[in-house]
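Got your viewer open? Let's take a walk through the model, one selection at a time.

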Amino acid sequence: MALWLPHVPRRRLWAAAQGIMALGTALPLVVQALWAVAVSAVCVGGTFMIATMAGLQLAREARPDNPTPLLARMTTAFAAGQIVGPLLVRGIGPGRWAGWDALSWAGALATLLLLLTALWLWRAARPDPTSVRPA
C-alpha cells in the first residue's frame, strides 16, 4: 500500500478515508451485531491516521512558509470535536426519538458530516477545467 499512496492525490486520499469512516459510523446504525461494531471500529480507526496524515500534509503544502498556525487550527478543531461529541450525546438526552437513542443520532450526524466532507474533498481534488490548455 505504501508504494502506491505517494501517487494518490492527498485530497482524494483524505476523501476516501472520510468515506470509509462514514461507512464505519453508518454500519452500527443499520446492523445491530457485534461483528458490525468490530467492522465499524476497523473502518473508523483504520482510516483515522490516513485522514490525519493527508490533512496535515495538505496544510504543510498550503502554507509551506509557516504551516504552524494552520496546523494549530486543525488540531484545535479536532480537540473541539472530541469535547463536543460526548456533550452532544448528553444533550440529546436519555430518551428515544423516532426510534433512535442519543448515541444513534450522534452516529447518524457523524455519518452525514463525514459523507459531506468526503464529497467536498473529492470535488476539491478535481483539476480546474479552465486551467487545462488545449494540446
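**Start with the whole chain**

Among contacts (heavy atoms within 4.5 Å) between residues at least 6 apart in sequence, 57% join residues at least 24 apart. Before you click further, know that this is a predicted model, where local features need pLDDT of at least 70, side-chain atom pairs count only at pLDDT 80 or more, and totals for chains, interfaces and linings use all residues. Residues are numbered from 1 along each chain as its sequence is written, and side-chain values use heavy atoms, with hydrogens and water left out.

Switch to the cartoon view. You'll find four helices and zero strands, running α-α-α-α from the N terminus on. Helices (H or I, at least four residues) and strands (E, at least two) are DSSP runs, numbered from the N terminus.

Now show the surface. The chain exposes about 9600 Å², with carbon and sulfur atoms supplying 70% of that; the areas come from the Shrake-Rupley method with a 1.4 Å probe, and for residues only the protein chains shown count as cover. Of the 135 residues, 26% are buried. Buried means under 20% relative accessible area, exposed over 50%, and partly exposed in between (1.4 Å probe, protein chains only).

**Stop 1: select α1**

Pick residues 10-30, which are α1. This helix has 21 residues and reaches 31 Å from its first C-alpha to its last, close to the 30 Å expected at 1.5 Å a residue. The expected span is 1.5 Å times one less than the number of residues. Its buried residues include L13, Q18, M21 and L29, and what covers the buried residues of α1 includes α2 and α4.

Zoom in on T25, also in α1. Is T25 buried or exposed? Buried, because its relative accessible area is 17%. Leaving out residues up to four places away in sequence, T25 touches S40, V44, G107, A110, T111 and L114. Try a distance to V37 too: it sits 12 residues from T25 in sequence and 9.2 Å away in space, C-alpha to C-alpha.

**Stop 2: select α3**

The 25 residues of α3 should span 36 Å at 1.5 Å a residue, and the end C-alpha atoms are indeed 36 Å apart. Just after α3, click G93, which takes a positive phi of about 100 degrees.

**Stop 3: select α4**

Next come residues 102-124, or α4. With 23 residues, α4 reaches 33 Å between its first and last C-alpha, close to the 33 Å expected at 1.5 Å a residue. Among its buried residues are G107, T111, L114 and L121, and the buried residues of α4 pack against α1 and α3.

For contrast, click R123, also in α4. R123 is exposed, with a relative accessible area of 57%. Now add R12: it is 111 residues from R123 along the chain, yet their C-alpha atoms are separated by 8.6 Å.

**Last stop: the largest pocket**

Which residues lie nearest the centre of the largest pocket? Select Q18, F48, F78, Q82 and L114, five of the 42 residues that line it. The elements giving two or more residues to this lining are α1, α2, α3 and α4, and α3 gives the most, with 12. The lining divides into 29 nonpolar, 12 polar and one charged. Here Ala, Val, Leu, Ile, Met, Phe, Trp, Tyr, Cys and Pro count as nonpolar, Asp, Glu, Lys and Arg as charged, and the others, Gly among them, as polar.

On a 1 Å grid over the protein atoms alone, a pocket is an open set of points where a 1.4 Å probe fits, with protein on both sides within 12 Å along at least five of seven lines; lining residues have an atom within 4 Å of a point.
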